[in-house]
Amino acid sequence: MKTRLSNIELKNPVIPASGTYGFGEEFAQVYDLNILGGISFKGTTREARYGNALPRIAECGGYGMINAVGLQNPGMDAVLEKEVPNIAKIFQGPVIANIGGFSIDEYVENCRKL
């Protein structure tokens, strides 16, 4: 089931959704993450964000739910200092960064840091 994503070879096409997967640490307690093709970590902004005010999730009858968490994350520096080293301990495959920003300069800064 090998596949390519841009110029990265994945052993399979399974990449958990970044917003719901966090940084993978909780899931590593349940199964070996190395069965995945890659990990896309939680959306990360320059500054830490609490996210939107509560409530952030609403059920929609039989159709599912609406989610508006608002990019809650610890900020780029915390991700680089803590989360990226933790991911390296629990996963040996490709890691895809999910970055957010509120200006072009912020995107550029986050890309540079990564």
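**Entry 1: two backbone oddities**

I began with Ser6, which sits in the loop between β1 (3–5) and β2 (8–10). The model I am reading is a predicted one. I looked up the phi angle of Ser6 and found it near 60 degrees, a positive value in a residue other than glycine. Is Ser6 buried or exposed? Ser6 counts as exposed, because its relative accessibility is 70% and the exposed class starts over 50%.

Next I went to Leu71. Its phi is also positive, about 60 degrees, although Leu71 is not a glycine. I placed Leu71 in the loop between β5 (65–67) and α3 (76–90). Leu71 has 40% relative accessibility, so I noted it as partly exposed.

**Entry 2: a cis bond**

I checked the peptide bond from Leu54 to Pro55. That bond is cis, with omega near 0 degrees. Where does Pro55 lie? I found Pro55 in the loop between β3 and β4.

**Entry 3: the whole chain**

I stepped back to the overall layout. How many helices and strands does the protein chain have? I wrote down four helices and six strands. Starting at the N terminus, I read the order of elements as β-β-α-α-β-β-β-α-β-α.

I then looked up the extent of the C-alpha trace. Along its principal axes it spans about 40 × 40 × 25 Å. The chain has 114 residues, and 30% of them count as buried.

I also looked at contacts along the sequence. Among contacts with a separation of 6 or more, 57% join residues 24 or more positions apart.

**Entry 4: Thr44**

I picked Thr44 for a longer look. Thr44 is in the loop between β3 (39–40) and β4 (57–59). Is Thr44 buried or exposed? With a relative accessible area of 0%, Thr44 is buried, because buried means under 20%.

Which residues does Thr44 touch, leaving aside its neighbours within four places in sequence? I listed Phe23, Asn73, Gly75, Met76, Val79, Asn98, Ile99, Gly100 and Asn110.

**Entry 5: the largest pocket**

I turned to the largest pocket. It holds about 210 Å³ of space. I noted its lining as Ser18, Gly19, Thr20, Gly22, Lys42, Gly43, Asn67, Val69, Gly70, Leu71, Gln72 and Asn98. Two names were already in my notes. Leu71, one of the lining residues, is the residue with the positive phi. Asn98, also in the lining, is one of the contacts of Thr44.

Which element gives the largest share of the lining? I found that helix α1 (residues 18–21) does, with three residues. I sorted the lining residues by type: two are nonpolar, nine polar and one charged.

**Entry 6: salt bridges**

I moved on to charges. Side chains of opposite charge can pair when their charged atoms come close. How many salt bridges does the structure hold? I recorded eight.

I looked at three of these pairs. The first was Glu47 with Arg46, whose side chains meet at 3.7 Å, N to O. Glu47 is exposed at 53% relative accessibility, while Arg46 is partly exposed at 30%.

My second pair was Lys82 with Glu83, at 3.6 Å, N to O. Lys82 is partly exposed, with a relative accessible area of 48%. Glu83, at 10%, counts as buried.

My third pair was Lys113 with Glu109, where the closest N and O atoms are 3.5 Å apart. Why are Lys113 and Glu109 separated by about one helical turn? They are four residues apart in helix α4 (residues 104–113), so about one turn separates them. Lys113 is partly exposed at 26% relative accessibility.

I then traced the links between pairs. Arg46, Glu47, Asp77, Glu106, Glu109 and Lys113 are joined in a network of salt bridges.

**Entry 7: cysteines**

Last, I searched for disulfides. The structure holds zero. I still looked up Cys60 and Cys111. Cys60 is partly exposed at 27% relative accessibility. Cys111 is partly exposed too, with a relative accessible area of 48%.

How values were computed:
Residues are numbered from 1 along each chain as its sequence is written. This is a predicted model: local features need pLDDT of at least 70, side-chain atom pairs count only at pLDDT 80 or more; totals for chains, interfaces and linings use all residues. Side-chain values use heavy atoms; hydrogens and water are left out. A salt bridge is a side-chain nitrogen of Lys or Arg within 4 Å of a carboxyl oxygen of Asp or Glu. Buried means under 20% relative accessible area, exposed over 50%, partly exposed in between (1.4 Å probe, protein chains only). On a 1 Å grid over the protein atoms alone, a cavity is a set of points where a 1.4 Å probe fits but cannot get out, and a pocket is an open set with protein on both sides within 12 Å along at least five of seven lines; lining residues have an atom within 4 Å of a point. Grid points are joined across faces, edges and corners, and a volume is the space filled by probe spheres set on the points. Ala, Val, Leu, Ile, Met, Phe, Trp, Tyr, Cys and Pro count as nonpolar, Asp, Glu, Lys and Arg as charged, and the others, Gly among them, as polar. A disulfide is a pair of cysteine sulfur atoms within 2.5 Å. Contact means heavy atoms within 4.5 Å.
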